[in-house]
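Thanks for coming. I will spend a few minutes on aromatic rings and then on one helix. Please have a look at the structure first.

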Amino acid sequence: MKGARSFATSWPVAEKLCEASMEQPSPPGGPFSATSASFQDAVRTLNSLQTNASYLAEVKRRRGDLQTQLETMKLYLARSGLQVEDLDQLNIIHVTGTKGKGSTCAFTERILRNYGLKTGFFRSPGSSPHLVQVRERIRINGQPISPEHFTKHFWRLYHRLEETKDSSSCVSMPAYFRFLTLMAFHVFLQEKVDLAVVEVGIGGAYDCTNIIRKPVVCGVSSLGIDHTSLLGDTMEKIAWQKGGIFKHGVPAFTVPQPDGPLAVLRERAEQISCPLYLCPPLEALEEGEPPLTLGLEGEHQRANAALALQLARCWLQRKDHQGIGELKASRPSLLCQLPLAPVFQPTSHMRHGLRDTEWPGRTQTLRRGPLTWYLDGAHTSSSVQACVRWFRQALHRRPKSGPEVPEVRVLLFNSTGDRDPAPLLKLLRPCQFDYAVFCPNLTEVSSTDNAVSPLRTDSAWERP
């Protein structure tokens, strides 16, 4: 659009925006053409296991039998050649929450990688769509596993599950969520990672990642209202689900929460003797020190960074690593329902880790010629409000050079699942968009694309 300068978008539209500029398929006859075809076959087969939407519908239908689903996941793990005890080798950091858990995981992984540790990072399909390709969900040392690596592990696991299926069972393959979770565990074990950061998909108590029995440390990011048909329609009910990842004797950390949900988290922790701590604000760690620089923009990322620092430090401490940050004197909180986590001086590894964290599609700015794209995956009321604050601040901070150019602001918007988009759109009014493009949830596999075809062209243009 002539004269257009700034855009904004939301999931999963971001994956289409970045695809052309970030990753192109190899040309026909190129050195990886055979492998690329095999990778495409793996993705098609994975997609056939179930879409995220149909998986959620299945879970809703079977809500009364949630504990059985965890037992089923353990059976799938055994059929794949692993036992739950094998996962103890991964030295897992298990993170749940409604908002910010992906960013918290990204900060945590980057900090620990700065200590020279080999890291695994699993981004659960239940959290948000992947940006460009599904292999982004399984990362080694911050990088998505290669198409060749993905293909090898996918077919090895797929064939193993086929060989071990029970003739009396009508379901031989786990659904999409579960399959990728199993695959991540296999990849991390075979890669011999020093630790794995594992993000919960939906909830916690009955999430397929919760077959983890002995994580090193657990974290709960900010809570909010989401997936109410699965988790409950109040913050307290949702907090009960999130607290389901707590384990006996395993330290857990959370950020400030409303009193009701925080009380539920405390009760869940007390029931199983899980030491639960409240993270002090980032300002307490910065006091008397240079301010911390975050690689992810937005004021709301400070709470995620504070949680990540505690998770990383606790992991290092429990694994007897040196250089975990000198403790600082702290003032006791009179209003706190939980013991306060340590206030310490972040090390240079921690500082550089926070600074160097990258998480595409999260408060991300991309400049392409005369266009500027502002990408974020906000999908709850509170996260959209945070996104609006970030967007307006980013516009205010952008460099100005040369004569003023007429600016057109276009919203590119998509909402998935049974989420009502109307309340979210109302929150976007302060951004003063000139146009809005509403993108339908229509994608299809094609032979020329590694994951999905470009968005259909029947999107609607609307002027607010």
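A definition before the cluster: rings of Phe, Tyr and Trp, the last by its six-membered ring, count as a pair if their centres lie within 6.5 Å. Keep in mind that this is a predicted model.

By that rule the structure holds 13 aromatic pairs. Take Phe 39 and Phe 150: their ring centres are 5.4 Å apart and the planes stand at 90 degrees, so this pair is edge-to-face. Phe 39 belongs to helix H2, residues 33-49, and Phe 150 to helix H6, residues 147-163. With the two positions 111 residues apart, the pair links distant parts of the chain. Both Phe 39 and Phe 150 are buried.

Which residues do ring pairs link into a cluster with these two, Phe 39 and Phe 150? They are Phe 154, Trp 155, Tyr 158 and Phe 179.

Rings also meet charges here. Arg 268 has its charged end over the ring of Trp 240, 3.7 Å from the centre. Arg 313 lies over the face of Phe 344, and there the distance to the ring centre is 4.9 Å.

Now the helix. H5 runs over residues 101-113. From first C-alpha to last it reaches 18 Å, close to the 18 Å expected for its 13 residues at 1.5 Å a residue. Of those 13 residues 12 are buried, so H5 is largely enclosed by the rest of the structure. Charged side chains are on the buried list too, including Lys 101, Glu 109 and Arg 110.

What covers the buried residues of H5? The cover includes strands E2 (92-96), E3 (119-122) and E6 (195-199), together with helices H12 (301-318) and H13 (348-356).

Key:
Residues are numbered from 1 along each chain as its sequence is written. This is a predicted model: local features need pLDDT of at least 70, side-chain atom pairs count only at pLDDT 80 or more; totals for chains, interfaces and linings use all residues. Side-chain values use heavy atoms; hydrogens and water are left out. Rings of Phe, Tyr and Trp (its six-membered ring) pair if their centres lie within 6.5 Å; planes under 30 degrees apart count as stacked, over 60 as edge-to-face and the rest as tilted. Helices (H or I, at least four residues) and strands (E, at least two) are DSSP runs, numbered from the N terminus. Buried means under 20% relative accessible area, exposed over 50%, partly exposed in between (1.4 Å probe, protein chains only). A charge sits over a ring if NZ of Lys or CZ of Arg is within 6 Å of the ring centre and within 35 degrees of the ring normal. The expected span of a helix is 1.5 Å times one less than its number of residues. Contact means heavy atoms within 4.5 Å.
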